[in-house]
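This briefing introduces selected local features of one protein model. Please examine the sequence and the structure shown below before reading the points that follow.

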Amino acid sequence: MRSMAIILHGHVPHPAWLERLLKHVPVAALTALVVPGALYVHQGAVYSLAPARTVAAVVALLVALRTKNTLATLGAGMGVLWVAQWAMGLLG
């Protein structure tokens, strides 16, 4: 019964409002997976803010919005993460 939506996909037309809603599911799912990992570190039962990850995520978001290039986004995010972790290690 749970797989009926998958089995019927493409064979039964969906209402227009459902098609509009389903277009947003991949973005919502990816956001739910990425944002907690970019903002928080889970240590034991405690969640704490991860400032280096947050800075890198913001820079990667800005690069993605500006360039729309996946490799540039990954490179900028990783580079900023490494530099931020190094700088915060020196400060802390």
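Does T73 count as buried or exposed? With a relative accessibility of 17%, T73 counts as buried, because the cut-off for that class is under 20%. The model discussed here is predicted. The points below begin with T73 and then turn to the largest pocket, a strand hairpin and two loop residues.

**T73 and its surroundings**
- T73 is part of helix α5.
- Leaving aside residues up to four places away in sequence, T73 touches A60, V63, A64 and T67.

**The largest pocket**
- The volume of the largest pocket is about 610 Å³.
- The lining of this pocket consists of 20 residues, and those closest to the pocket centre are V34, A38, A56, A57 and A60.
- Three elements each give two or more residues to the lining, namely α3 (25-39), α4 (51-67) and α5 (70-91).
- Helix α3 gives the most, with eight residues.
- Sorted by class, the lining has 15 nonpolar residues, four polar residues and one charged residue.
- A60 thus appears twice in this briefing: A60 is among the lining residues closest to the pocket centre, and A60 is also one of the residues that T73 touches.

**The hairpin of β1 and β2**
- Strand β1 covers residues 40-43 and strand β2 covers residues 46-49; the two pair in the antiparallel sense over four bridges.
- Within this pairing, Q43 stands opposite V46 in β2.
- Two residues lie between the strands of the hairpin, and in this hairpin G44 takes a positive phi near 65 degrees.

**K68, a loop residue with a positive phi**
- K68 is located in the loop between α4 and α5.
- Most residues other than glycine have a negative phi.
- In K68, which is a residue other than glycine, phi is nevertheless positive, near 55 degrees.
- K68 is classed as exposed because its relative accessible area is 70%, and the cut-off for exposed is over 50%.

**H14 and its contacts**
- H14 is found in the loop that runs between α1 (4-8) and α2 (16-22).
- The relative accessible area of H14 is 27%, so this residue is partly exposed.
- When residues up to four places away in sequence are not counted, H14 touches H9 and E19.
- With E19 there is also a polar contact between the two side chains, at 2.9 Å.

Note on methods: Residues are numbered from 1 along each chain as its sequence is written. This is a predicted model: local features need pLDDT of at least 70, side-chain atom pairs count only at pLDDT 80 or more; totals for chains, interfaces and linings use all residues. Side-chain values use heavy atoms; hydrogens and water are left out. On a 1 Å grid over the protein atoms alone, a cavity is a set of points where a 1.4 Å probe fits but cannot get out, and a pocket is an open set with protein on both sides within 12 Å along at least five of seven lines; lining residues have an atom within 4 Å of a point. Grid points are joined across faces, edges and corners, and a volume is the space filled by probe spheres set on the points. Ala, Val, Leu, Ile, Met, Phe, Trp, Tyr, Cys and Pro count as nonpolar, Asp, Glu, Lys and Arg as charged, and the others, Gly among them, as polar. Two strands pair if DSSP finds at least two bridges between them. Buried means under 20% relative accessible area, exposed over 50%, partly exposed in between (1.4 Å probe, protein chains only). Contact means heavy atoms within 4.5 Å. A polar contact is a pair of N or O atoms within 3.5 Å; within protein, one must be able to donate a hydrogen and the other to accept it, and residues adjacent in sequence count only if both atoms are side-chain atoms.
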